[in-house]
Structures are given as structure tokens and as C-alpha cells.
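This report sets out selected features of one protein chain. Please consult the sequence and the structure shown below while reading.

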Amino acid sequence: MKKIRMTSRDLTARNIETLAELFPNVVTETTDAEGGIQRSVDFDMLRQELSDHVVEGPQERYQLDWPGKRAAAFAANTPIAKTLRPVRDESVDFDTTENLFIEGNNLDALKLLQESYLGKIKLIYIDPPYNTGNDFVYADDFAESTAEYLAKSEQVSDVGERLVANSESNGRFHSDWLSMMYSRLKLARNLLTDDGVIAISIDDHEVSRLRALCDESLGPSAFMGTLVWRRRPTADSRNFSRVSTDHEYVLLYGRSPSSRVKGRSIDESKYRNPDEDIRGSWVSENLTGLADASSRPNLHYDLVNPETGISYPPSPSRGWAKAKATTDFLIADGRILWPASRTGRPREKKFLSDLRSTVTGLSTWISSDEVGYNYAGTREVRDLFGAKVFDFPKSTNLVKFLVDQVTTSDDIVMDFFAGSGSTAQAVIEQNSTDGGARKFVLVQLAEPTEVSSHAFEAGYRTISAISRERIRRAGTRLNATSTSTGVAVDSGFRALRIDSASQSDVLRSAEDTQQLDLAAYEPSIKPDRFGEDLLFQALLDAGLELTLPITREERDGFEIYDVEQGALMMCCRSREKNSLSLSLSLSLSRNRSRACCKAASAHGLPRRGVRA
């Protein structure tokens, strides 16, 4: 039912819309006195539009600015009291895999991974919301409750229902999206290796703003190129303008000047040796240049065949590609191919052995013949699930193309907008193709599926559930086909979930604590947490990777965890022995950890050794 307007029409808003039609550059998003964001008029810019001279105004400087930018930068630096809890039931090969799947807000995940994966990710590929007016926009909640945040940011309807689309009618349409991306890109940059690359899929809705945002958050010198992918094989006539947008982009940014892609291998099959030249295989290469006689007179001269005396003049508009001294050397060395007729053009004999490299640059045009179209991603998911459980998943071949171009055999690939899990499948398949041992780290919000969707009917209540199941099915299918070759790949993953910190805020100073009263104090460990929960919080606290091998044993009512043969040791009171509290101690040696367990057992008291 349409909501009845209880007030007269907002004439100011109508006038602003009228101005926007005449001068779209004078209407912008601004913050009002109450902190809300409204469309308003830049009067300095309007005066400039209506003036025949330069209008004096605020000092100008080149920058990308929007309402909420400072808050987004602050959000990236704000610490959170959260942790990652293991979910064994959702994992595959938990004890042996080196892959991670994290469920939760990716901003929280990026913060939690800052120490454990600092400078360790070779490729970050993300396919974020394109901000089309229908896709999901993340709600970044820090100090206030979710309800307070949603109400304040107007992401709830009049009846309290959450709005999951960033509608174009929203005054913060671009600002919300920029803020969401800004904080995440700032954190993501820290995780890249020195030669790492971040690749971002995007379409025309936000590509210009994303490019400017990446220049600011990653650095303009980090820009490597914009790849263009034709995602649709036929034109779409549904647009009012009749312009069919058949392509998308992949922006490439590097962590440093050492970041690069592999490029393309030269097709050596084109090199042949029909005349049995002792210098080996060769190809015939064009000698025509690109400059006319007025701009490059030194490239305009006649080439003369020394055997026949026939002279071949240059093209008046192009000349030759090389100076006369160079072609004289090529003639003397038998590297010029002379035409059979006077009207032909001499060409150069280019030998394979003379090439400085057998690799050439990567074209910014991504061939659909190589990576497929967008519908290929939909078909892949449908083939795995038997139903269309996800809309517009990225083609696995597109992601594999990027993985192959950027990574080597043992690198880590991250995707913190995991969606259906295309990146995980791409990493698994690329490893199967070239025998690599790449690892993946995926992050996906537990975004609810639509009740009317095929995914909901199939029992998948969240997008993250779809993603995990896709990895399971893709891995099972791949390893089933790999049985005959004897080459199995790591298709498992440790499933982790973002949750509040495992320890309660009950820390006290030594001066405020009496030894005889220790047993009466409230335990510092939350009652719903177990030893493995504490272990993973300890791994984050110690800055260790979350896929290191873990062994566990029980002794005298205590659980002893050993991470990678002593890299980290943890001892905690077994939950079965004491349902009220867990004791925890950390050390870097096996003997010290066991000594802590014995001391705690002897006193019957909990003991902590981990920072909250």
C-alpha cells in the first residue's frame, strides 16, 4: 500500500531536482545540522555556471570527497572486541586443510586478520556489490547496537524492516557505497605481499568512482590497468536508451612497483624454418613504420636488394620501422626477405633465438573465448546444485585467469566478497591444472536468502551456506576425477565464524585482587566457549596463520593444544571437568605449557596467560 503523504510537497527538493536537470554538477550530497545527508546545491558552482568570469570560492584542491568519508576512515581503524570461532561441523578436512572460510562481516574479518595475514596474500580478488540500486550494502556497526545503527542510517523501513538495497532514491546512494568500499580497501592493502595484486570486478555504475577511490586508498602509482571483459554474447534491448552494456571491468592495483602479471606466452608454433637457416626458426615481420617524412625524415629512404638492384621506396605516410643503418646491417646479415615482385614489400626475418623474452604483455581485452560469458557462472552453479541457487555468480574461468596471471604455486588468494564461492573453486581447479598448492581465504556475510528463491526452497538459508556447499561439491567432483591421475588437491576448508570475544571484560589489576578470594570471582571465559574457541583467539592474538596444524590431547582434566609442534602451546581446563570456567595458559615451549597445566591443577584455580 502506498504511504499517504501527511505534509505538503517539499518545494525545495523539487527546485533542487529542477536545477539538477539543468546543471547536474551543482547538486551534491551534504551533511545537515543533525548529521543526516541531503541533496543540496553548491552555490559557488551554481554562480560559476551563471557567470562569465571566474567566481571566487573556497580553496580548491584535487581530491575525492563525499559525506561519511572521515567516518569510513575512522571505521577502518576502530578496534573490535571480536574473534573467530571454529565450526567443525561446517568444515571439510578441518585438521589437514590450509584453506579458510570465514562467515561474517568482511570489515570485521579484515580487522581480525591484520596480524595473522599481514603481507601474506598474493592476490585479492573481489566482486563487490555494483551499486545498481538493488544489491546489498553492508552495514558497518561498531559501538552502537544494530537497531540503533540501522535506525540512524535509515536502513530500516517505517515498520522496522531492514532495507537491503541501496536505492537510487537514497540521498546517500554513492556515498554509502564509497564509505563501504573505502574502509575495506584500506585494510585489504595491508594484507598484500610486497608484489601482491588486488583485482576488483565492477561495471559502469561505479567504475569511475572506484578508480578514484583506489587511487586514494591504494595509491595512483599502484594502478596496473583496467581489464575489459565482454560478459554478454548478444545485445540486450531492454534498456530504454537501446544501448546494451555488454562488458564489465576488472581493475588491477599492485602493492608496489614489483607487482606484475605473468603476461602471455608467445606462440612459438608460428616460428618455422622452411629454408633450414642455421640460426633456427623465424617469422616474417612487417618493416613498415608509423611516421610520415615531415616528422621522421630519417625513416624515409629506399631499400635496395643487393642481388637484383631493385629499389623499394617507403610508404609516404609511414616510412620504415628502422633507420637506414639498421636495415643495412639486416641486409648484410641476410635478415631481409625480399619480395618476388617489384610491387611487393620487404620484410624482416625475425628469429626465435633473438627474442629477449618468450612472454609478451597481457592485453586489457579479456577474450570471452578464453574465460566465457557471465551465463557460464550461472551454468556452473546450476550443474553443481541441480537448481539456480545463486544469481549472477562470477565465471570460474574468469577468476582462474586472474589466479594464473598473478600467483605462483604456493600463494594465498583472498576473496572477502565470496558470494557463491567462485574464487575457491577457481583456486582448486587451477591447482589441479598445474599441480600448485595455492590456498584460499574466503569471507562471506550470512546474508539471508529470499524466501521465494530456489536456494531457500533447497534448504539454504544464507548465502554463506551456499558458498560452503559449493566448495564441498566442487572439491568432491574434482577429486573424484583426479583419482585416476593420482593428483589430489586440497579442496577442504576450516570454517570459522565471527563472534564476540571469548573472554568477558572482568580483568582486574593485581592490587585489586586477593589471592584467597580468587575462586569467588567471575570466570573470565564466557560460559558458551570451549578450548578450541580460546585457541583460535590465541592464534589471532599471536599473529599466527589460522590453518597451522593442531594436535590435541587430554591429561588430568586439562586439554593441551599444540600448534605446529610448539609454535604455540595452550592448556585449558576441560569443559567436562568444570562447567563453570576454563583455565588458559600460553607459552612458546611444550615443557612450560605442561608446567602451567600442573600448577593450575594443583591449585584448582583458573590461570590466564593471553591478552583479552
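Are Phe385 and Tyr460 buried or exposed? Both residues are buried. The model in which they occur is a predicted one, and the sections below describe it from the whole chain down to individual side chains.

## Overall composition

The chain has 612 residues, of which 46% count as buried. Its secondary structure comprises 16 helices and 23 strands.

Contacts distant in sequence are a marked feature of the chain: among contacts between residues at least 6 apart in sequence, 69% join residues at least 24 apart.

## Aromatic pairs and charges over rings

Across the whole structure, eight aromatic pairs are found. One of them is formed by Phe385 and Tyr460, with an edge-to-face arrangement in which the centres are 5.6 Å apart and the planes are at 85°. Phe385 belongs to helix α10 (residues 374-385), whereas Tyr460 is in the loop between α13 (454-457) and α14 (463-482); the pair therefore ties together parts that lie 75 residues apart in sequence.

Two arginine side chains are placed over aromatic rings. The charged end of Arg461 sits over the ring of Phe456, at 3.8 Å from the ring centre. For Arg211, the charged end sits over the ring of Phe223, and the distance to the ring centre is 3.5 Å.

## Strand β7 and its partners

Strand β7 (residues 223-230) pairs with strand β8 (residues 247-254) in the antiparallel sense, over seven bridges. Within this pairing, Trp229 has Glu248 of β8 as its bridge partner.

Strand β7 also pairs with strand β16 (residues 365-366), here in the parallel sense and over two bridges. The bridge partner of Val228 in β16 is Trp365.

## Helix α11

Nine of the eleven residues of helix α11 (residues 396-406) are buried, and the helix is thus mostly covered. The buried set consists of Thr396, Leu398, Val399, Lys400, Phe401, Leu402, Val403, Gln405 and Val406.

The N-terminal end of α11 is capped by Ser395, a side-chain oxygen of which lies 3.3 Å from the backbone nitrogen of Asn397.

## Arg438 in its loop

Arg438 is located in the loop between α12 (422-434) and β18 (439-444). Its relative accessibility is 3%, and because buried means under 20%, Arg438 falls in the buried class.

The side chains of Arg438 and Thr407 are joined by a polar contact of 2.7 Å. Leaving aside residues up to four places away in sequence, Arg438 touches Asn99, Val403, Thr407, Thr408, Ser409, Asp410, Asp411, Val427, Gln430 and Asn431. Of these neighbours, Val403 is also one of the buried residues of α11.

## Helix α15

The twelve residues of helix α15 (residues 531-542) should span 16 Å at 1.5 Å a residue, and the end C-alpha atoms are indeed 16 Å apart, so expectation and model agree. Ten of the twelve residues are buried, which means that α15 is largely enclosed by the rest of the structure.

The buried residues of α15 are Gly531, Glu532, Asp533, Leu534, Leu535, Phe536, Gln537, Ala538, Leu539 and Leu540. Just after the helix, Gly543 adopts a positive phi of about 70°.

How values were computed
Residues numbered from 1 in each chain as written. Predicted model: local features only at pLDDT ≥ 70, side-chain atom pairs only at ≥ 80, totals over all residues. Heavy atoms only, no water. Pairing = 2+ DSSP bridges. Helix = DSSP H or I, 4+ residues; strand = E, 2+ residues; numbered from the N terminus. Expected span 1.5 Å × (residues − 1). Buried < 20%, exposed > 50% of the residue type's maximum accessible area, 1.4 Å probe, protein only. Polar contact = N/O pair within 3.5 Å; in protein donor to acceptor, adjacent residues only side chain to side chain. Contact = heavy atoms within 4.5 Å. Phe/Tyr/Trp six-rings, centres within 6.5 Å; stacked < 30°, edge-to-face > 60°. Lys NZ or Arg CZ within 6 Å of the ring centre and 35° of its normal.
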